[in-house]
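Here is a short report on a protein model and what it binds. Look through the sequence and the structure, then read on.

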Amino acid sequence: MSLHLHDTATRTMREFHPRLAGVASIYVCGATVQGVPHIGHVRGGLNYDVLRRWLVHNGYDVRLVRNVTDIDDKILTKAADAGRPWWEWATAHERAFESAFDRLGCLPPSALPRATGHITQMIELMQRLIDKGHAYAAGGDVYFSVASYAEHYGRLSGQRLDEVQQGESTASGKRDPRDFTLWKAAKPGEPSWPTPWGDGRPGWHLECSAMSTYYLGSEFDIHGGGLDLVFPHHENELAQSTAAGDGFARYWMHNAWVTMSGEKMSKSLGNTVAIPAILQRAAAPEIRYYLVAPHYRSTIEYSEPALAEAISAYRRIDSFVNRVRQRTGEVGHGTVPAEFAAAMDDDLSTPQAIAVVHNAIRESNAALDRGDDRAANEAAASVRTMTDILGLDPLSEQWADTRGADDAAHHALSELVGSMLQQRQQARAERDFATADAVRDRLQACGIAVEDTPDGPLWTLKDG
Ligand SMILES: Nc1ncnc2c1ncn2[C@@H]1O[C@H](COP(=O)(O)OP(=O)(O)OP(=O)(O)O)[C@@H](O)[C@H]1O
Ligand SMILES: [Zn+2]
């Protein structure tokens, strides 16, 4: 079997044939960097990272572009509410997203383009659309004319033309309620960039068309994003790019949502589990396991028991690999069983793929029990390779780095604070309270609180 992917545009499973032999180009819609990421935000990034790793394992040269929407109404409003410049707000939250992706073991994208850095490409695309009669300027805005492309519009989402109504009404000079905004005229006090049609800022849909084709070419392989993006975002991207004459995406993939109480996890609803908060409760690979073990097209309804189950399932893999390493020496990389490959080729069926991992662990544990170290080591090597494809290899450098650094730093801190507290105890015993207080003040200044208890002094890191 070869790789088959579910294509949203045709609603069928299609065999993957790249445009260029041996190369796979992927564009993923990234975040609007308006706040701290939650687990729903990263689900897509993790899924496309698994896709990328599977393609790389199969010998592809993968180019994966994930964008950053760094200008948007929500960014402007939130920055203004916080009294901060919009660009600082966007930059801070871009960092929060990238740090989340790094911590969760996503390979860095081949390019991470920001919308504000690609205005030239957006102007060029609008010009092509205007020249072909698919777009018009009105009062400083630029709109895409849906009627001019009626026979193709709706082919991704199945949206019927007579049901489409987008954005504001026609007050602004828009000719038809179905038309969508490519470019927004500048408003006083808001950031803007010059264009032949006046100063303004980009509409969201335009950004992704301009950035994807700039990096990946006028036709590329896979376009991915969350299910909420099918309409209008991806329908509009497809319309404007193909109307301009680009081949655009050949396969469309959409990951399902993370929900809470049955509703999409979303900042506006307030039902979110933020990445920094969940990282306090579970290790990064455990969270990754929780988010990649279910099939990407099924909903993950967040629940504590499901998270706990994922944590213990991941720990079984982790402790198995470490147990084999202790017993039999270094564990390298091994072969991928045919069932694992078949599952991954079947639209990235991670639940089946992970079942193969757990079966291999059971068999290998049996080998360990009967003293067949060689069989156990081979099985563990195979488990490492399979889990590496899912970004979950317990022995991967990516976890060792953070874990090792954290452990080493914690150890060093404990030693240093411990010796300072001993000095303080000594000073107190000698009734040298000035020195004792100076030590405590020094620790305090470093963000370390000291509490005296009947069992001796206890130290903690102060919040913030
Ligand atoms: N709950 C979720 N489950 C899965 N994917 C999600 C979820 N929320 C957002 N996404 C995806 O994250 C990516 C970035 O989305 P975006 O920044 O537009 O967030 P959003 O949908 O406005 O969410 P929020 O309202 O929480 O900020 C998109 O691909 C989107 O589909
Ligand atoms: Zn997009």
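## Ligand shell, zinc site and backbone

By class, the shell around ligand 1 holds seven nonpolar, nine polar and four charged residues. Here Ala, Val, Leu, Ile, Met, Phe, Trp, Tyr, Cys and Pro count as nonpolar, Asp, Glu, Lys and Arg as charged, and the others, Gly among them, as polar. This is a predicted model, in which local features need pLDDT of at least 70, side-chain atom pairs count only at pLDDT 80 or more, and totals for chains, interfaces and linings use all residues. Residues are numbered from 1 along each chain as its sequence is written, chains are lettered from A and ligands numbered from 1 in the order in which they are written, and side-chain values use heavy atoms, with hydrogens and water left out.

Which residues come nearest to ligand 1? Of the 20 around it, they are His38, Asp228, Lys264, Met265 and Lys267. A residue counts as near if one of its heavy atoms lies within 4 Å.

The table gives polar contacts of ligand 1 (pairs of N or O atoms within 3.5 Å).

| Ligand 1 atom | Protein partner | Distance |
|---|---|---|
| Nitrogen | Gly40, polar backbone atom | 3.1 Å |
| Oxygen | Asp228, side-chain N or O atom | 2.6 Å |
| Oxygen | Lys264, side-chain N or O atom | 2.7 Å |

The protein covers 93% of the 600 Å² of accessible area that ligand 1 has on its own (Shrake-Rupley method, 1.4 Å probe).

Ligand 2 is a zinc ion, coordinated by Cys29 (SG), Cys208 (SG), His233 (NE2) and Glu237 (OE) at 2.0 to 2.7 Å. Donors are N, O and S atoms within 2.8 Å of the metal (3.2 Å for Na, K and Ca); water is not among the atoms, so sites may look incomplete. The arrangement is irregular because the four donor atoms subtend angles of 71 to 128 degrees. Four donors count as tetrahedral if all angles lie between 85 and 135 degrees. They count as square planar if opposite donors are over 155 degrees apart and all others between 65 and 115.

Two backbone features remain. Most residues other than glycine have a negative phi, and most peptide bonds are trans. Phe231 and Pro232 are joined by a cis peptide bond, with omega about 0 degrees. Ser261 is not a glycine, yet has a positive phi of about 50 degrees.

Technical notes:
Polar contact = N/O pair within 3.5 Å; in protein donor to acceptor, adjacent residues only side chain to side chain. Tetrahedral: all angles 85-135°; square planar, octahedral: opposite > 155°, others 65-115°.
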